[in-house]
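Below is a note for a colleague who has not yet looked at this structure. The points can be checked one by one against the display.

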Amino acid sequence: MKVLVSNIMMINERDRFDAILRERGMTPIWPEVNQFMNEAQCLKFAGEIDGWLAGDDKITETVLKAFLPRLKVISKWGTGIDSIDLTAAKALGVPVCNSPGAFCDAVSEYAIGLLLAATRRLARTDRMIRQGDWPKGRFPGMTGKTMGVVGYGAIGQGVGQRARGLGMDVIAHDPYMTEAPDGAPLVSFDALLEQADVICLCCNQTADNYHLINAGTLDRARDGVILCNVARGGLVNEAALVAALETGKVAAAALDVFEVEPLPTDHPLLRFENVAVSSHNANSTVQAIEYVHGNTLDNLFKHLSA
């Protein structure tokens, strides 16, 4: 059996996972991957594989049909499966597995850290001290502010828990939820825009919420709102965010994900000292990654041994 390994986290430890797969009698195929494979890159392997250890590859209906009848399972590394046409996969009988909830602690604590980096200028202060300066800036704290979380699943609730630890009030918006397990008030998205001092995006990206944060929604938000995105880059219209940062409508932004990744070095977001950026790496704790490595392989083995 042949297995396509296109997840960058596993590719980074190729020798380790190559050995594990071969011990199970499987032949791994290792493509050249820069973050993820687009549709055309995926199609190069059509008809050649039995299982797929996938990253954020663009697995469309066209791709799925081309991989049949041989493909038996897609084992997605991580939690997000928005890059896969799940409707087509179900109709075509291709199981799609992931690791739901695996990154709750890792991403939610990172969201708070990135938020503090953006508002308290932690990284900039560190750099200035290393250059011989001794800055004494004054920046906004989080205590007493309202955290509005968009998407209140495991990660969103983790952000809420940690925000309360900072002395914040927490409200949430989640169209798929009627009651929050931790008792957080669920509000409409419009109400969240009106009430939140900080907006943290923790939701999946869908066709309905693409560019959820745009010129119109930012205009309805509070003056001086702070934005944190640890979900998907397409949730934010970056041109609108840049414009709002320029006017001060947005006081700070903490961003782990972007519309184009890696983020271009000439991107206008990098001009702002009140913007903290990261490399789509909020999930990167040793514990979480090791769990997902194991679960991703288990999902693959279960379906290929059946």
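1. Leaving aside neighbours within four places in sequence, which residues is Ile 74 in contact with? In this predicted model, they are Trp 52, Ala 54, Ile 59, Leu 64, Ile 84, Val 94, Pro 95, Val 96 and Cys 97. One of these residues, Val 96 in β5, stands opposite Ile 74.

2. Ile 74 also belongs to the largest nonpolar core, which has 69 residues. Together with Trp 52, Met 147 and Leu 300, Ile 74 touches the most other members of that core. Helix α6 (residues 104-120) supplies the largest share, eight residues. Another core lies apart from this one and has 33 residues, including Leu 212, Ala 240, Val 242 and Phe 272. As background, nonpolar side chains in soluble globular proteins tend to be buried together.

3. Next, the sheet that holds β4. Five strands make up an open sheet, with parallel pairing, in the order β2-β1-β3-β4-β5. At its edges are β2 and β5 (96-97), each of which pairs on one side only. Strand β4 (residues 73-76) is joined to β5 by two bridges and to β3 by four, in the parallel sense. Within the pairing of β3 with β4, Ala 54 has Lys 76 as its bridge partner.

4. Which residues of β4 are buried on its two sides? Val 73 and Ser 75 are buried on one side, and Ile 74 and Lys 76 on the other, so that both faces of the strand are covered. Helix α12 lies across β4 as well as β1, β3 and β5, and runs at about 170° to β4.

5. Helix α2 (residues 14-23) lies across three strands of the five-stranded sheet, namely β1, β2 and β3, and runs at about 145° to β2. Phe 17, Asp 18 and Leu 21 are the buried residues noted in this helix. Seen down the axis of α2, the buried residues fall within an arc of 105°, so they line one face of the helix. The face turned away from that buried side carries Asp 15 and Glu 23, which are exposed. The cover over the buried residues of α2 includes β1 (2-5), α1 (8-11), β2 (27-29), β3 (51-54) and α12 (286-304). Just after the helix, Gly 25 takes a positive phi of about 80°.

6. Is Asp 18 of α2 buried or exposed? Asp 18 has a relative accessibility of 15%, and because the cut-off for buried is under 20%, Asp 18 counts as buried. Its side chain is joined to that of Trp 30 by a polar contact of 2.8 Å. Beyond neighbours within four places in sequence, Asp 18 is in contact with Pro 28 and Trp 30.

7. The model has another open sheet, of six strands in the order β7-β6-β8-β9-β10-β11, with parallel pairing. Its edge strands, β7 (169-173) and β11 (275-277), each have a single partner strand, so one side of each is left without a neighbour in the sheet. Direction ignored, neighbouring strands here are turned by 15° against each other on average.

8. Strand β6 (residues 146-150) runs parallel to β7 and is joined to it by five bridges. Met 147 has Val 170 in β7 as its bridge partner; Met 147 is also one of the residues that touch the most other members of the largest nonpolar core. Helix α8 (residues 154-165) lies across β6, β7 and β8 (198-201), at about 175° to β6. Helix α11 (residues 238-247) packs on the sheet too, where it touches β9 (225-229), β10 (250-255) and β11. The direction of α11 makes about 140° with that of β10.

9. A last residue to look at is Phe 189, in helix α9 (residues 189-195). Phe 189 is buried, with a relative accessible area of 11%. Not counting residues up to four places away in sequence, Phe 189 touches Val 150, His 173, Leu 212, Ile 213 and Thr 217. Leu 212 is among the residues of the 33-residue core. Phe 189 and Ala 172 are 17 residues apart along the chain, and their C-alpha atoms are separated by 8.5 Å.

Key: Residues numbered from 1 in each chain as written. Predicted model: local features only at pLDDT ≥ 70, side-chain atom pairs only at ≥ 80, totals over all residues. Heavy atoms only, no water. Pairing = 2+ DSSP bridges. Axes fitted to C-alpha atoms, helices over the stretch in contact; angles between N-to-C directions. Contact = heavy atoms within 4.5 Å. Core = buried A, V, L, I, M, F, W, Y, C linked by side-chain atoms within 4.5 Å. Buried < 20%, exposed > 50% of the residue type's maximum accessible area, 1.4 Å probe, protein only. Arc of directions from axis to C-beta. Polar contact = N/O pair within 3.5 Å; in protein donor to acceptor, adjacent residues only side chain to side chain.
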